[in-house]
Amino acid sequence: FALRCLWLLKYPAIDSPDAIIYLQEADILFATGMMKTIIYMPLYPILIHIAGAHGIVALQIVLSTISIYLGYRIASDIWRRQSAGLVAAAMMAIHPMLIYYCTFRLTETVFIFLLLSGLVALYRNHVLAAALAFTLANLTRPSLDFIYPVIIVAAAFTTQGTPSVREIGRRLGI
């Protein structure tokens, strides 16, 4: 958290061309109920509208910090060792791009947080929470929309051993 705050103090948020479009889309979406562009997804402009132009950066710093814990949880659960989680958390805490992007008004930080949240939920067999996180991630950035069903099926084999076709169908239905 401290590294991210220090980075923001030393290098205040600068709006890239994409960030300017997100800021504009937030205003357009709430003024007209529709977005002007078909390239961008609606969740990030909604968050900008709710949090404000400066508040979104503060939110992203918090989400980036929480993502460190989520990385810890995933690594600890997979390798069943706290030391693996601590290594993963340390790497995420000091990773330059994770620090850099959390101070930009771009979707990367929110998407990473939502994706990691979904993976943690799936590994703990909370399919509904994972589906919600993946849906929100898709509404932020549709990078993995065709991969999510594969992730959900793979998780069924990880958490259930040999799941039935019905169980896989139920999970995909959720």
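Mentor: A residue is called buried when its relative accessible area is under 20%, exposed when over 50%, and partly exposed in between. Keep that in mind for this structure, which is a predicted model.

Trainee: Are Arg 171 and Glu 167 buried or exposed?

Mentor: Arg 171 and Glu 167 are both buried. Their side chains also meet in a salt bridge, at 2.7 Å from N to O.

Trainee: What is the general idea of such a pair?

Mentor: Side chains of opposite charge can pair when their charged atoms come close. In this structure, a search of the whole finds 6 salt bridges.

Trainee: How many residues apart are Arg 171 and Glu 167 in helix 10?

Mentor: They are 4 residues apart in helix 10 (residues 165-173), so about one helical turn separates Arg 171 from Glu 167.

Trainee: Which residues are joined into one network by salt bridges that share partners?

Mentor: Arg 73, Asp 77 and Arg 124 form that network. Take the pairs in turn. Asp 77 and Arg 73 meet through their side chains at 3.0 Å, N to O. Both lie in helix 4, 4 residues apart, about one turn of the helix.

Trainee: Why does Asp 77 count as buried?

Mentor: Asp 77 counts as buried because its relative accessibility is 15%, and the cut-off for buried is under 20%. Arg 73 has 18% relative accessibility, so Arg 73 counts as buried too.

Trainee: With which residue does Asp 77 form a salt bridge whose closest N and O atoms are 3.2 Å apart?

Mentor: That partner is Arg 124. Asp 77 lies in helix 4, while Arg 124 lies in the loop between helix 7 and helix 8 (127-140), so the pair ties together parts that are 47 residues apart in sequence. At 37% relative accessibility, Arg 124 counts as partly exposed.

Trainee: Now for empty space. How is it found?

Mentor: Rolling a probe the size of a water molecule over the atoms shows where empty space is left. This structure holds 1 cavity of 30 Å³ or more. The volume of the largest cavity is about 60 Å³.

Trainee: Which helices each supply at least two residues of the lining of the largest cavity?

Mentor: Helix 4 (55-79), helix 6 (96-101) and helix 7 (108-123) do so. Residues that line the largest cavity include Ser 64, Ile 68, Leu 98, Tyr 101, Ile 112 and Phe 113.

Trainee: How many residues of that lining are nonpolar, polar and charged?

Mentor: The lining of the largest cavity divides into 7 nonpolar, 3 polar and 1 charged. Arg 4 is among the lining residues, and Arg counts as charged.

How values were computed: Residues are numbered from 1 along each chain as its sequence is written. This is a predicted model: local features need pLDDT of at least 70, side-chain atom pairs count only at pLDDT 80 or more; totals for chains, interfaces and linings use all residues. Side-chain values use heavy atoms; hydrogens and water are left out. On a 1 Å grid over the protein atoms alone, a cavity is a set of points where a 1.4 Å probe fits but cannot get out, and a pocket is an open set with protein on both sides within 12 Å along at least five of seven lines; lining residues have an atom within 4 Å of a point. Grid points are joined across faces, edges and corners, and a volume is the space filled by probe spheres set on the points. A salt bridge is a side-chain nitrogen of Lys or Arg within 4 Å of a carboxyl oxygen of Asp or Glu. Buried means under 20% relative accessible area, exposed over 50%, partly exposed in between (1.4 Å probe, protein chains only).
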